[in-house]
Amino acid sequence: WEFNGSFHQPSAFLMLGIPGLETLHPWISIPFCALYLTALLGNCMILFIIRKTQSLHEPMYYFLCMLAVTDLGLALCTLPTTLGLFWFNLRRIGFDACLTQMYFIHILSFFESSVLLAMAFDRFIAISRPLRHPSILTKATVAKIGLAIVLRGMLSLLPIPFLLKRLTYCGKVELSHSFCFHPDIMNLACADIKVNVFYGMIILLSTVGMDFVFIVLSYILIIKTVVSLATKEECLKALNTCVSHICAVLVFFIPMIGLSMIHRFGKNVPPLVNALVAYTYLIIPPALNPVIYSIKSSHIREALLRTLRRKSG
């Protein structure tokens, strides 16, 4: 423990793996390694293919690049501490290092939510205004949307580490996961955390919450547009372009909402359930998104096959 002025601040926190299964951590690390490897290779492949394929230089694929970069960041944020704990039982993480990891985990989660909203907007314009789509979503517009996503995430979450540093910590220093999460750190404080709770809730609702609402509204408008199409074939073709995005939205938002609810209201939830939801939230989306888009997007699939043929030739 370190004494700093008028408050106590721990020099480090202790991370927790999967409660009750500590002896099986080396074996549990195998599927985690597979998921991390899939996330890293899959998202790098998406970026490489889009960069090399001129026909994919469109708004939809620019947003997919943003999603791939965000997923890479999320995977790299949690990989060192998670595998370090599973392989070598490295539970200790410095206080400042923990706050840094927490900031980047949350900021990348906000980026992912915002990119998914931008992709929903792109699908709505492509289906409802197909002729105006290129003039509405130009390269400059996509770049401005990307910059707005970065600035919104960075600025809205900037006070969080400072709000945590001002708190007094005493007694417990054990986190619930193998990574640092804002509600988890906040609940270890023995000071008044009302400001942290209020600010965290406001930011979550005004960013990720609003993103989810607008995504739902976008799909309501998309469905209304699709229903008005002349033939069943046109209707199915239009909806088929949204399947990958809908899967990505569900894979990201369902575990995120579940984890937020558990940390705020689920005091009696078993630690094992808490851990599984947390890992699902942070590891599954980065691993599944490139798989979903590779399977469902014929353009990505064809570009990948062409690249593999050139390499083998």
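These legends accompany close-up views of a predicted model.

**View 1. Helix α1 packs against helix α11.** Let us begin with α1, which spans residues 25–52, and α11, which spans residues 271–296. Their axes lie 8 Å apart and make an angle of about 45°, which means that α1 is oblique to α11. The crossing of α1 past α11 is left-handed. On the α1 side, the contact is made by F32, L35, Y36, T38, A39, G42, N43, M45 and I46. Facing them in α11 are Y279, I283, I284, P286, A287, P290, V291 and S294. Sorted by class, the contact of α1 with α11 holds 13 nonpolar residues, four polar ones and no charged residues.

**View 2. Helix α3 also meets helix α11.** Here the axes of α3 and α11 come within 12 Å and cross at roughly 35°. As α3 passes α11, the crossing is left-handed. From α3, look for I105, S109, E112 and M119; their partners in α11 are Y281, L282, P285, N289 and Y293. Six residues of the contact of α3 with α11 are nonpolar, two are polar and one is charged.

**View 3. Helix α10 runs alongside helix α11.** Residues 243–265 make up α10, and its axis is 9 Å from that of α11. The angle between α10 and α11 is about 175°, so α10 counts as roughly antiparallel to α11. By class, the contact of α10 with α11 includes 17 nonpolar, seven polar and one charged residues.

**View 4. A disulfide joins C98 and C180.** The sulfur atoms of C98 and C180 are 1.9 Å apart, and the count for the model comes to one disulfide. The link of C98 and C180 is left-handed, with -120° about the S-S bond. Which parts of the chain does the pair tie together? C98 belongs to helix α3 (residues 95–128), while C180 sits in the loop between α6 (159–165) and α7 (182–186), so the link joins parts 82 residues apart in sequence. C98 is buried, at a relative accessible area of 0%, and C180 is buried too, with a value of 0%.

**View 5. C44 and C235 are cysteines in no disulfide.** For C44, the nearest cysteine sulfur belongs to C65 and is 12 Å away. C44 is partly exposed, with a relative accessible area of 41%. Turning to C235, the nearest cysteine sulfur is that of C242, 10 Å away. Neither distance brings a sulfur partner within the 2.5 Å that defines a disulfide.

**View 6. Y279 is a buried residue of helix α11.** You will find Y279 in helix α11, where its relative accessible area is 5% and Y279 therefore counts as buried. Beyond its neighbours within four places in sequence, Y279 is in contact with L16, G17, I18, F32, T82, F86, S178, F179 and I284. One of these, F32, is also among the α1 residues that meet α11. For a sense of scale, the C-alpha atoms of Y279 and S113 are separated by 17 Å, and the two residues are 166 residues apart along the chain.

**View 7. R123 is a buried arginine in helix α3.** R123 has its place in helix α3. Is R123 buried or exposed? Its relative accessibility is 9%, so R123 counts as buried. Setting aside neighbours within four places in sequence, R123 is in contact with M60, Y219, I222, T241 and C242. C242 also appears in View 5, as the cysteine whose sulfur is nearest to that of C235.

**View 8. N89 has a positive phi.** Most residues other than glycine have a negative phi. N89, a residue other than glycine, has a positive phi near 55°. N89 is found in the loop between α2 (59–88) and β4 (92–94). With a relative accessible area of 52%, N89 is exposed.

**View 9. G209 sits in helix α8.** Helix α8 covers residues 194–227, and G209 lies in it. The relative accessibility of G209 is 24%, so G209 counts as partly exposed. G209 and N89, the loop residue of View 8, are 36 Å apart in space, C-alpha to C-alpha. In sequence, G209 and N89 are 120 residues apart.

Technical notes. Residues are numbered from 1 along each chain as its sequence is written. This is a predicted model: local features need pLDDT of at least 70, side-chain atom pairs count only at pLDDT 80 or more; totals for chains, interfaces and linings use all residues. Side-chain values use heavy atoms; hydrogens and water are left out. Axes are lines fitted to C-alpha atoms, for helices over the stretch in contact, and angles run from 0 to 180 degrees between N-to-C directions. Helices (H or I, at least four residues) and strands (E, at least two) are DSSP runs, numbered from the N terminus. Angles under 35 degrees count as roughly parallel, over 145 as roughly antiparallel, 65 to 115 as roughly perpendicular and the rest as oblique. A crossing is left-handed if the near helix is turned anticlockwise from the far one by less than a right angle, and right-handed if clockwise. Contact means heavy atoms within 4.5 Å. Ala, Val, Leu, Ile, Met, Phe, Trp, Tyr, Cys and Pro count as nonpolar, Asp, Glu, Lys and Arg as charged, and the others, Gly among them, as polar. Buried means under 20% relative accessible area, exposed over 50%, partly exposed in between (1.4 Å probe, protein chains only).
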